[in-house]
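This report describes selected sites of one protein chain and its ligands. The reader is invited to keep the sequence and the structure in view while following the text.

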Amino acid sequence: MDNIIIFDTTLRDGEQSPGASLTSDEKIKVAEQLEHLGVDVIEAGFPIASEDDAKAVALICERIKNASVCALARCKNADVEVALRSLEKASKPRLHIFLATSEIHRKYKLQKAKEEIVKIAVENVSFAKKYIDDVEFSPEDATRTEQDFLLEVLKAVVAEGVKTVNIPDTVGYATPPEYGSLIKFLREKLPSDVVISVHCHNDLGLAVANSLMAVINGARQVECTINGIGERAGSAALEEIAMNLLVRKDFYNLTTNIVTKELYRTSRMVSALTGIPVQPNKAIIGENAFRHEAGIHQDGILKNRSTYEIMNPEMIGVPASELVLGKHSGRHALKSRLETLGFQLSEEQIEKVFDKFKKLADKKKEITDIDIIFLAEEEQFQTHKPVYTLDYFHIISGSSTIPSATVRIKKGEEIFEDASRGDGPVDAIYKAIDRLTGLSPILKEYKISAVTSGQDAQGEVTVSIEIEGLKIPGKGVSTDIIEASAKAYLDAINRYLIRKDIIKIKYKGA
Ligand code: KIV
Ligand code: ZN
């Protein structure tokens with residue numbers, strides 16, 4: 001049975017999603033989780049895009065031992081040099097070079113004739129091959145490129161030693177039959193030891209379908225991202241590719257190295273760090289993916305789960321919502337539960353989670369795995385020491401009162417307190433925080449959801465704020481939704497304060 005190489009580009013194409021930008025520390029966290037997930041190749045960034053991108057790729061190379069770490073470069077010597085420098089410490093480095101080949105890109109973007117495109121591609125690949133063995137080449141906008149020319153370019157780079165040729169559907173234009181036959185055509189014409197990779201965008205909602213069609217026709221590497229994030233409408237979702245190949249193994253007869261039990265955790269991490277929420281009806285990892293609402297379905301499920309379930313939540317690592325710990329549970333019980341749930345926290349972090357656990361246990365009778373995950377994630381996703389923390393708040397609100405909030409926040413040992421009125425209690429608390437921090441963020445998104453069940457459920461608030469053109473996510477969890485709202489807002493402000501010095505110059509052509 002053939003194995004499909006899973007090439008994850010969450011940290012490169014995914015990070016190009018509108019609004020997403022990750023700090024180096026956050027990228028390292030994601031990369032480590034991708035390694036736990038069993039990804040074969042991690043595309044860690046586009047080093048020429050910014051110093052921060054280059055630094056993040058270099059740091060990831062130092063941490064990742066099993067997966068290949070890949071860096072992207074345009075067909076320019078400077079790009080290749082910077083990418084190679086970032087890859088120096090990788091145990092399995094891969095360089096990914098791309099150059100647009102379609103008539104539209106040749107004419108309007110590059111203003112180059114076909115012969116020049118072939119020449120530039122060959123020159124850059126042969127330059128790179130002097131320093132690195134594993135080179136992947138992508139003819140950008142491959143699906144809108146004349147087939148004979150596409151083959152000519154690919155044959156030329158393969159002759160220079162390229163081992164993987166990636167066929168991007170850059171603008172998400174291909175239909176599954178077209179894409180499948182393009183891959184079949186290339187598979188027949190290229191040497192059999194060259195791996196054909198696919199990279200599909202989701203502009204018409206076909207990224208996963210196109211990738212699977214390619215696999216049926218001989219592609220053996222799929223480029224994808226967690227939660228399907230990526231340029232514009234995104235990319236093929238890794239979790240969908242992995243679960244399609246697993247659940248329908250009878251049809252595809254193919255394997256992957258993905259540890260599917262890590263999918264849920266990875267999805268939550270990427271969503272929390274990028275601030276890009278997962279739509280509730282998203283296949284595999286959406287919150288409704290395993291919920292049965294219709295009476296007939298519920299009846300069927302109670303009689304036999306296979307009536308309406310083709311996979312179960314445990315397969316992707318959704319924790320069981322059972323009572324596991326209570327008010328009297330001690331540190332050791334919590335520590336061992338955290339380990340069972342797959343968290344690798346330091347003693348200091350465990351101590352902090354334990355403090356929060358005790359506070360939660362005072363408010364909430366039943367502490368479930370999901371509760372514990374939320375407490376632990378707050379610590380695990382904390383890649384920086386927060387500048388501000390919420391110390392105290394008091395709200396006055398009601399149908400005949402103008403809502404007002406008094407808020408106290410801490411900055412190190414310093415304490416600041418102020419009050420404000422607002423359109424509602426959340427608005428009042430946000431205005432008070434603005435007065436305290438001296439910042440005026442624009443609240444772009446606010447979402448609240450119950451993360452556990454019951455009347456004493458924990459609420460999760462995710463926000464997105466905009467300051468000086470930077471869109472920053474924030475997240476807060478509490479049994480009190482006003483407290484969760486304040487925490488989320490402060491979390492976003494803290495992230496902004498860490499990030500504001502990172503100058504991101506993203507290359508617009510990729
Ligand atoms: O979509 C695309 O064409 C890309 C390339 C850089 C592979 O992301
Ligand atoms: Zn792409």
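## Ligand 1 and its surroundings

An oxygen atom of ligand 1 lies 3.0 Å from an N or O atom in the side chain of D13. This distance, like every other value in this report, comes from a predicted model. Two histidines take part in similar pairs: an oxygen atom of ligand 1 is 3.1 Å from an N or O atom in the side chain of H199, and an oxygen atom of ligand 1 is 3.0 Å from an N or O atom in the side chain of H201. Taken alone, ligand 1 exposes 260 Å², and the protein buries 99% of that area.

The shell around ligand 1 consists of R12, D13, H96, F98, S138, E140, N166, P168, T170, H199 and H201. By character, these residues divide into two nonpolar, six polar and three charged. Which strands each supply at least two residues of this shell? They are β5 (93–100), β6 (135–140) and β7 (164–169).

## The zinc ion

Ligand 2 is a zinc ion, and its protein donors are D13 through OD, H199 through NE2 and H201 through NE2, at 2.0 to 2.1 Å from the ion. Along the chain, the donors follow the spacing D-x185-H-x1-H. D13 belongs to the loop between β2 (5–8) and α1 (24–37), while H201 belongs to the loop between β8 (195–200) and α8 (207–216), so this pair ties together parts that are 188 residues apart in sequence.

Are D13 and H201 buried or exposed? D13 has a relative accessible area of 2% and counts as buried. H201 is buried as well, with a relative accessible area of 4%. D13, H199 and H201 also appear in the list of residues around ligand 1.

## Polar contacts between side chains

Strand β8 contains S197, a residue that is buried at 0% relative accessibility. Its side chain takes part in polar contacts with the side chains of N166 and Q221. N166 is itself one of the residues around ligand 1. Leaving aside neighbours within four places in sequence, S197 is in contact with E136, T164, V165, N166, I167, Q221 and E223.

A further contact of this kind involves R268, which lies in helix α11 (residues 263–274). R268 is buried, with a relative accessible area of 15%, and its side chain makes a polar contact with the side chain of E460. The following table collects the polar contacts described in this section.

| Side chain | Partner side chain | Polar contact distance |
|---|---|---|
| S197 | N166 | 2.8 Å |
| S197 | Q221 | 2.9 Å |
| R268 | E460 | 3.1 Å |

## Two residues with positive phi

Most residues other than glycine have a negative phi. D141 is not a glycine, yet its phi is positive, at about 60 degrees. D141 lies in the loop between β6 and α6 (147–159) and counts as buried, at 0% relative accessibility.

N227 is likewise not a glycine and has a positive phi, of about 65 degrees. The loop between β9 (221–224) and α9 (238–247) holds N227. Why does N227 count as buried? Its relative accessibility is 12%, and a residue counts as buried because its relative accessible area is under 20%.

## Residues in strands β4 and β16

S68 is found in strand β4 (residues 68–74) and is buried, with a relative accessible area of 11%. How far apart are S68 and P93, in sequence and in space? They are 25 residues apart in sequence and 5.7 Å apart in space, C-alpha to C-alpha. Not counting residues up to four places away in sequence, S68 touches D40, V41, I42 and K92.

I442 belongs to strand β16 (residues 442–450). With a relative accessible area of 48%, I442 is partly exposed. Leaving aside neighbours within four places in sequence, I442 is in contact with S464, I465 and E466. The C-alpha atoms of I442 and T170 are separated by 32 Å, and these two residues are 272 residues apart along the chain. T170 is one of the residues around ligand 1.

Methods:
Residues are numbered from 1 along each chain as its sequence is written. Chains are lettered from A and ligands numbered from 1 in the order in which they are written. This is a predicted model: local features need pLDDT of at least 70, side-chain atom pairs count only at pLDDT 80 or more; totals for chains, interfaces and linings use all residues. Side-chain values use heavy atoms; hydrogens and water are left out. Helices (H or I, at least four residues) and strands (E, at least two) are DSSP runs, numbered from the N terminus. Buried means under 20% relative accessible area, exposed over 50%, partly exposed in between (1.4 Å probe, protein chains only). A polar contact is a pair of N or O atoms within 3.5 Å; within protein, one must be able to donate a hydrogen and the other to accept it, and residues adjacent in sequence count only if both atoms are side-chain atoms. Donors are N, O and S atoms within 2.8 Å of the metal (3.2 Å for Na, K and Ca); water is not among the atoms, so sites may look incomplete. A residue is near a molecule or strand if one of its heavy atoms lies within 4 Å of it. Accessible areas come from the Shrake-Rupley method with a 1.4 Å probe; for residues, only the protein chains shown count as cover. Ala, Val, Leu, Ile, Met, Phe, Trp, Tyr, Cys and Pro count as nonpolar, Asp, Glu, Lys and Arg as charged, and the others, Gly among them, as polar. Contact means heavy atoms within 4.5 Å.
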